[in-house]
Every structure is written in structure tokens, then in C-alpha cells.
Amino acid sequence: RSWAVRRLLTASDAAILTNEEDLQAAAGAAPRANLHLVRIGSNVAPATGSAGERRRVRSQWGISKGAVVVCYFGFLNATKGGLELVRGVAEARARGLDLRLAFIGGVFGASDPTNAAYADQVRAEIEALGLEPHVVYTGFLDEAGVSTAFRATDLCVLPYLDGASYRRGSLMAALAHGLPVITTTPAVPVEGLSEGQAVRLVPPGDHRALAEAILSLAGDKGERDRLSREARALSRSFGWDAIARDTLAVYARVCRTG
């Protein structure tokens with residue numbers, strides 16, 4: 001795969017990269033002028049909802065009034081910090097926060113059998129930590145169902161072990177829904193993903209720092225609201241119309257110079 005990607009980079013008149021990490025890596029194989037950064041967008045469009053619908057979903061999940069609901073979206077695998085997530089939730093609960101964890105969507109896919117093994121590890125850790133009564137699994141949902149589930153939560157926690165990146169569709173979906181997001185410090189500087197700008201950042205692999213961030217945001221609605229506004233504003237720059245225009249501009253440049 002590495003050889004094939006390098007061959008494409010060196011033989012093409014232009015290459016579109018979706019994130020800073022890939023752009024940085026590609027710069028060692030192809031002229032920088034041939035490389036173009038065009039983001040991906042959310043694959044889950046925010047649906048219209050109401051406060052009543054939010055209450056209904058939380059009631060179906062057995063969420064008590066006043067509880068804080070943290071959500072995780074996307075398949076579990078070893079790079080996404082599922083073990084750190086449940087350990088952070090357990091730590092926050094041990095310090096007195098009425099906290100619930102919702103896994104939105106399926107927890108593993110069919111493309112990589114190691115995902116199922118890792119998901120089993122996460123479930124075993126949930127059981128060992130006594131979290132089972134406080135965890136919700138929605139199972140696979142359609143696009144509207146995912147959007148509805150997002151709106152029923154208070155925070156989205158995505159503790160990637162390799163750092164936050166715009167190549168992560170789950171992060172893009174959370175931002176598009178205006179969720180206050182706790183994620184991990186990017187491996188390279190990423191515009192928009194700096195601490196306190198549109199997200200709260202913690203070091204990768206540090207479940208105690210994750211618990212601190214959850215406790216901090218759970219007790220500060222004003223900060224959650226601010227992060228929500230910033231997330232929506234950031235996500236507007238990754239709309240599919242903008243992506244189409246940026247992609248068309250790359251094609252036009254190649255045609256002019258080719």
C-alpha cells in the first residue's frame with residue numbers, strides 16, 4: 001500500500017489530501033506545488049429536532065434527570081482510545097458525577113476482525129469497572145437516528161490515541177452537530193483544533209486527564225455552549241459545497257497547467 005500511494009503521488013499532476021498529517025507525509029514524496037488540502041465533510045447531516053424529542057430519547061435510554069450523557073460515535077478499534085474512554089468515565093463517576101456513556105451506532109464493522117476483539121476488550125473493561133448499568137448501546141442506526149442520538153447527549157468524547165485529525169469522520173459529524181467535543185492533541189498542528197478553540201484537548205492515552213476534562217465541562221454549561229457554537233462555526237468550512245468548489249479548483253488548475 002505504501003508503494004502504491006508513493007507511486008500515485010510521484011506520477012500524478014496533483015494530489016488531494018484531506019488532512020495535515022497526510023499532507024506532511026506526502027511532502028517527502030511529491031513536489032509541494034502538486035499537493036492540495038481539501039477537507040472531508042460530515043457523513044451525518046444534522047436533522048431538525050426538538051427538546052421534547054431529546055427528552056424522549058433520554059427517557060428510552062433510562063437517563064435520570066440531571067445526569068450528564070457522554071457519547072462516542074464510530075467503530076471501536078485500537079487507535080480510537082475506547083479503553084481510555086471507559087476508564088475516564090469510571091474515574092469521573094467515582095468523583096461524584098452522575099455520568100452515562102452512550103455508544104452511538106455499531107461498535108465494530110466487518111472490514112477488520114481485530115475491531116471485534118478490541119470491542120470485546122472494551123466491554124470486559126466496562127464490566128470490570130462496574131459501568132454496565134450506566135452504558136447505552138444504540139446499535140446500528142440510520143443517518144436520522146444518529147443525528148437524533150447526538151442531540152440527546154451533552155458531550156462527545158473521542159480520545160484517539162494517534163491524535164485528533166480531520167480525517168476522522170466521527171469528529172466531523174460531532175462538530176457538524178455542534179456537540180462540545182473532548183478529543184486528543186493532534187500529532188501535528190491542525191487549524192481549528194487547538195485547545196479551547198472549538199474543542200477541549202487532552203493528551204492521548206491519559207484517562208485521568210480525560211476525566212478532568214469531562215468533570216470540567218459537565219459543571220460549566222456556559223463553556224459547553226461556547227464550544228458548541230465554535231464547533232458549528234468550524235464545521236461550516238467543511239460543507240460539501242465548499243469541498244466541491246475546492247476540488248473543482250484543483251481540477252481547473254491541473255487543466256490550465258497540463
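Author: Two strands pair if DSSP finds at least two bridges between them. Strands themselves are DSSP runs of E with at least two residues, and helices are runs of H or I with at least four, both numbered from the N terminus. The model is predicted, so local features need pLDDT of at least 70 and side-chain atom pairs pLDDT 80 or more, while totals for chains, interfaces and linings use all residues. Residues are numbered from 1 along each chain as its sequence is written, and side-chain values use heavy atoms, without hydrogens and water.

Reader: How do you know that β4 and β5 pair?

Author: Strand β4 (residues 99-104) shares three bridges with β5, in the parallel sense. The requirement is at least two, so the two strands count as paired. One of the bridge partners in β5 is Val135, which answers to Leu101.

Reader: What makes β5 and β8 edge strands?

Author: The open sheet has six strands in the order β5-β4-β3-β6-β7-β8, with parallel pairing. Its edges are β5 (135-137) and β8 (200-202), as each pairs on one side only.

Reader: What makes β6 and β7 a pair, and in which sense?

Author: Three bridges join β6 and β7, in the parallel sense, against the minimum of two. Leu158 stands opposite Thr183 in β7. From β7, Val181 and Thr183 point one way, Ile182 and Thr184 the other way, and all are buried.

Reader: Why is helix α7 called largely enclosed?

Author: Buried means under 20% relative accessible area, exposed over 50%, and partly exposed in between, with a 1.4 Å probe and protein chains only. Seven of the eight residues of α7 (residues 169-176) are buried, so the helix is largely enclosed by the rest of the structure. Among them are Leu171, Met172 and Leu175. They pack against β3, α6 (143-151), β6, β7 and α9 (221-235), where contact means heavy atoms within 4.5 Å. Just after α7, Gly178 takes a positive phi of about 70°.

Reader: Why is Ile16 called partly exposed?

Author: Its relative accessible area is 36%. That value lies between the limits for buried and exposed, so Ile16 is partly exposed. Ile16 belongs to strand β1 (residues 15-17).

Reader: What makes the nonpolar surface patch?

Author: Ile16, Leu248 and Tyr251 make the patch, of about 320 Å². Patch residues have over 30% relative accessible area and no salt bridge; nonpolar side chains (Val, Leu, Ile, Met, Phe, Trp, Tyr) are joined within 5 Å, like charges within 9 Å. A salt bridge is a side-chain nitrogen of Lys or Arg within 4 Å of a carboxyl oxygen of Asp or Glu. Areas come from the Shrake-Rupley method with a 1.4 Å probe; for residues, only the protein chains shown count as cover.
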